[in-house]
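Open the model in your viewer and keep the sequence alongside. The stops below go from one helix outwards to the whole chain.

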Amino acid sequence: MTVAKPLPALWLISDARNDGALERALARLPASSGFVFRHYHCHPKARRRRFDALAAIARDHDHRVILSGDADLAIEWGADGIYGPPGKLGKRNGLLRLAAVHDADEIALANRAGVDAMFLSPVFPTRSHPGKGCLGIALFRELAARAESPVIALGGMNAERARDLHWPRWAAIDGLSA
C-alpha cells in the first residue's frame, strides 16, 4: 500500500515577476515543499516548456507540483494537483485540489467542494494587489476557522510574517524568491 505524501507546510507560487528567480528558489526550499505554477502571462507553448523545466527542478527536491489550470491539463502535464477558484476545481480525480479563497463565501464553496486545502489571501499587503485591503491576522484566523480542510496563508507572507502569524502552512511569491 502506498502512503500519501503529507500536505507541504511551505509553498512557492510562480508569477511573472519572480520568474527569473524560480530555479534558485525551488532549489533553496526545504525538501517536500510545494510549488504552484501559475505563469498566466505566457503563451500556451511557452507556458508548457516553462512548466516542464521548473517541474523537473521541483521534483529533484521532492516538491509537490501543482498547476493552475484544469484537471485534464494537469494530468496531461504530469502535475500532482490543480489550483484555482473553488468552483472550478471539478470532482475528485486523483489530483490534489487546492482552492484560492478570499472570503467566507469562497470558503463555504471550497468546503462544499471538498477541496484538499485552501490558500486564504491576502493576509498582509502584497505587491500583487497594491493599495488593496488585506485580511490581517484577526480576520485571517476567523475565516480560517470556517475551513474544513487545511488553510495555507498567502499574501505578503515571508518567514518573519509566518512566525508572527503562528500558522503551520504558508505560501509566498516574493517572500520565497527574493
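Select α4 (104-113) and show what surrounds it. The cover over its buried residues includes β5 (96-101), β6 and α5. This is a predicted model, and the stops that follow describe that prediction.

Within α4, pick out Ile107, Ala110 and Asn111, which are buried. Looking down the axis of α4, the buried residues fall within an arc of 105°, so they line one face of the helix. An α-helix has 3.6 residues a turn, so residues three or four places apart point the same way. Now turn to the face away from this buried side: Asp105 and Arg112 are there, and they are exposed.

Next, look at the two ends of α4. At the N-terminal end, Asp103 acts as the cap, with a side-chain oxygen 3.1 Å from the backbone nitrogen of Asp105. After the helix comes Gly114, which has a positive phi, near 65°.

Move on to α5, residues 136-144. Which of its residues are buried? Select Gly136, Phe140, Leu143 and Ala144. They cover an arc of only 95° around the axis, which puts them on the same side of α5. To see their surroundings, add α4, β6 (117-120), β7 (151-153) and α6 (159-165), against which the buried residues of α5 pack.

Phe140 leads to the next stop, the largest nonpolar core, which has 43 residues. Along with Phe140, the members that touch the most others are Leu12, Phe35, Phe51, Leu120, Met157 and Trp170. Helix α2 (residues 44-60) supplies the largest share of this core, four residues. Centre the view on Phe51 and leave aside its neighbours within four places in sequence: Phe37, Val65, Leu67, Trp77 and Ala79 are in contact with it. Another core, of 15 residues, lies apart from the largest one; Ile66, Tyr83, Leu96 and Ala171 are among its members. In soluble globular proteins, nonpolar side chains tend to be buried together.

Now select Asp15, in the loop between β1 (10-13) and α1 (22-28). Is Asp15 buried or exposed? Its relative accessible area is 17%, so Asp15 counts as buried, the cut-off being under 20%. Show side chains here: that of Asp15 makes polar contacts with the side chain of Arg17 at 3.2 Å and with the side chain of Arg38 at 2.8 Å. Not counting residues up to four places away in sequence, Asp15 touches Arg38, His39, His41 and Ile173.

Finally, zoom out and colour by secondary structure. There are six helices and eight strands, and from the N terminus the elements run β-α-β-α-β-α-β-β-α-β-α-β-α-β. The radius of gyration is 15 Å, close to the 16 Å that the globule rule gives for 178 residues, so the protein is as compact as a globular protein of that length. The C-alpha trace spans about 40 × 35 × 35 Å along its principal axes.

With a surface drawn, the accessible area comes to about 8900 Å², and carbon and sulfur atoms account for 55% of it. Of the 178 residues, 47% count as buried. As for contacts between residues at least 6 apart in sequence, 51% join residues at least 24 apart.

Terms used. Residues are numbered from 1 along each chain as its sequence is written. This is a predicted model: local features need pLDDT of at least 70, side-chain atom pairs count only at pLDDT 80 or more; totals for chains, interfaces and linings use all residues. Side-chain values use heavy atoms; hydrogens and water are left out. Buried means under 20% relative accessible area, exposed over 50%, partly exposed in between (1.4 Å probe, protein chains only). The arc is that of the directions from the helix axis to the C-beta atoms. Contact means heavy atoms within 4.5 Å. A nonpolar core is a set of buried Ala, Val, Leu, Ile, Met, Phe, Trp, Tyr and Cys residues joined through side-chain atoms within 4.5 Å. The radius of gyration is taken over C-alpha atoms; the globule rule is 2.2 Å times the number of residues to the power 0.38. Accessible areas come from the Shrake-Rupley method with a 1.4 Å probe; for residues, only the protein chains shown count as cover. A polar contact is a pair of N or O atoms within 3.5 Å; within protein, one must be able to donate a hydrogen and the other to accept it, and residues adjacent in sequence count only if both atoms are side-chain atoms.
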